[in-house]
Amino acid sequence: MLEIMPVLDHKSPTPLYMQLANFIKDEIFKGNIKPLEKLPSKRNLANYLGLSLNTVQSAYDQLCAEGFLESRPRSGLFVVELLEDLMVRHDKVEPVRMVEELTDPAVKIDFNSGKVDLEHFPFSLWRRLSVQALYEDQGDLFYTGNPQGERLLRGEIAKYLFQSRGVRCKAEQIVVGAGTQVLMGLLCLVIGRDEIYALENPGFHRTRAVLQDLGARTVPVPLDEEGIAVECLHGSGARVVYVTPSHQFPLGMVMPIARRMELLKWAEERGGYIIEDDYDGEYRYKGKPIPALQGLDSSGRVVYLGTFSKSLIPSLRISYMVLPEELLARYREQFTIYKQAVSRLHQDTLYRFMHDGHWQTHLNKMRTLYRRKQAFLISAIHDFMGEWVKVIGEKSGLHIVLNVRNGMREEELVRRALAAGVKVYPLSVYDVELAGGMDSKVLLGYGGLSENQIKEGIRVLADAWGITKK
């Protein structure tokens with residue numbers, strides 16, 4: 001029998017069944033109780049712990065209701081395979097570090113916001129450019145390169161950013177890194193781990209994890225319909241703030257120009273920094289383009305982050321940051337000891353891809369494709385779900401948030417979808433305060449799905465959630 005050894009407080013105001021349920025839940029999050037593992041029968045566990053059958057039954061019922069356990073007829077209770085993002089806790093329990101991504105063959109359609117359309121990636125062209133990087137006269141690429149990344153690639157990035165996002169920078173200000181999390185770790189060292197970092201709430205949990213793992217103090221700042229609430233930022237004690245103004249993650253609002261100017265004023269008054277993560281700024285579907293915060297900044301207060309994960313393929317692991325002069329000097333003085341982590345061959349291939357004009361062609365094609373996919377998604381939602389749902393954050397990016405108004409809480413929405421073979425993603429994982437506003441919202445990414453998969457996925461979700469168009 002699986003050994004479950006909770007320490008239960010009979011004098012606590014928390015009922016024993018909830019103490020037992022919370023203990024089992026934490027053991028699942030910590031990885032001590034594995035996915036698909038069978039739990040002891042209620043009678044065996046009651047005898048083992050000296051508890052009543054009703055207490056154990058109530059604990060198991062609670063865990064089933066929250067989607068952590070599933071009952072299999074004539075087999076018993078088993079731990080479900082949790083979504084990766086559910087494995088991040090909002091309390092003081094450390095996040096579980098998943099050794100490998102769980103795959104469930106029963107999942108037919110995955111609304112994962114991190115996936116992109118691979119069918120339209122120019123594989124043959126990329127292969128040809130990669131081969132050119134391997135020519136004998138390119139042999140110097142086999143040695144360690146500049147800690148900031150390849151100079152030619154940084155020059156192409158600087159030109160692209162000015163033309164498309166209004167970012168004003170030189171190649172010398174750009175640092176290439178193997179993903180945004182790697183760059184955030186380096187940036188935390190450059191700015192200082194003793195600073196207080198303000199983060200959007202709800203906001204990108206992986207950035208929060210990096211900062212906290214490095215020992216930096218983070219404070220959540222709430223959002224309103226225009227993005228981060230600057231009046232709350234003033235009272236946070238922070239001198240550094242991380243924002244996603246072009247497409248707030250996960251709620252999707254686009255920060256208007258007035259709020260951007262307000263945020264820049266805060267940074268100038270505080271002598272602090274704004275970290276602007278433009279993770280999918282290439283994809284805008286509604287409204288006029290708004291310049292990046294970095295392009296509006298006249299005081300050197302903005303660090304601009306960008307990535308090729310959404311516009312090319314995630315496995316390239318090529319991201320970049322633009323440092324203002326003050327932080328650039330600090331970086332060059334203290335942190336060039338860290339070698340460049342991105343393959344020079346991949347950097348050279350990307351340089352050729354951009355320099356020869358293929359990048360802009362590919363980007364234009366993907367903008368058209370994703371705009372069509374998003375319109376198809378919203379149309380399918382309207383056709384199958386009608387007034388039962390509200391779409392949030394549809395102005396840009398590769399995901400939307402769906403507010404489902406059928407009385408089900410988030411856990412049940414995710415669980416029922418998964419039981420029907422469709423993965424949707426919980427929003428509460430991004431909310432550190434759990435104020436209750438995420439209860440009926442789920443995140444749907446559509447970049448990696450075909451139109452047929454999108455339509456079928458929405459149809460299945462409507463059935464699983466018991467909703468039909470009014």
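**Sheet packing and the environment of Leu 233**

Helix H6, formed by residues 180-191, lies across E4, E5, strand E8 (240-243), strand E9 (273-277), strand E10 (302-307) and strand E11 (319-322). The helix runs at about 30° to E11. The model described here is predicted. Helix H7, spanning residues 205-213, lies across E5, E6 and E8, and its direction is at about 160° to that of E5.

The strands crossed by helix H6 and helix H7 belong to an open sheet of eight strands with mixed pairing, in the order E4-E11-E10-E9-E8-E5-E6-E7. Strand E4 (174-177) and strand E7 (227-228) stand at the edges of this sheet; each has a single partner strand, so one side of each is left without a neighbour in the sheet. Within the sheet, strand E5 (residues 196-201) pairs with strand E6 (residues 217-224) in the parallel sense, over six bridges. Ala 198 has Val 219 in E6 as its bridge partner.

Ala 198 is also one of the residues touched by Leu 233, which lies in helix H8 (residues 230-234). When residues up to four places away in sequence are not counted, the contacts of Leu 233 are with Ala 198, Val 221, Val 241, Leu 263 and Trp 266. Leu 233 has a relative accessible area of 0% and is therefore buried, the cut-off being under 20%. Glu 394 is 161 residues from Leu 233 along the chain, and the C-alpha atoms of the two residues are separated by 26 Å.

Note on methods. Residues are numbered from 1 along each chain as its sequence is written. This is a predicted model: local features need pLDDT of at least 70, side-chain atom pairs count only at pLDDT 80 or more; totals for chains, interfaces and linings use all residues. Side-chain values use heavy atoms; hydrogens and water are left out. Helices (H or I, at least four residues) and strands (E, at least two) are DSSP runs, numbered from the N terminus. Buried means under 20% relative accessible area, exposed over 50%, partly exposed in between (1.4 Å probe, protein chains only). Contact means heavy atoms within 4.5 Å. Two strands pair if DSSP finds at least two bridges between them. Axes are lines fitted to C-alpha atoms, for helices over the stretch in contact, and angles run from 0 to 180 degrees between N-to-C directions.
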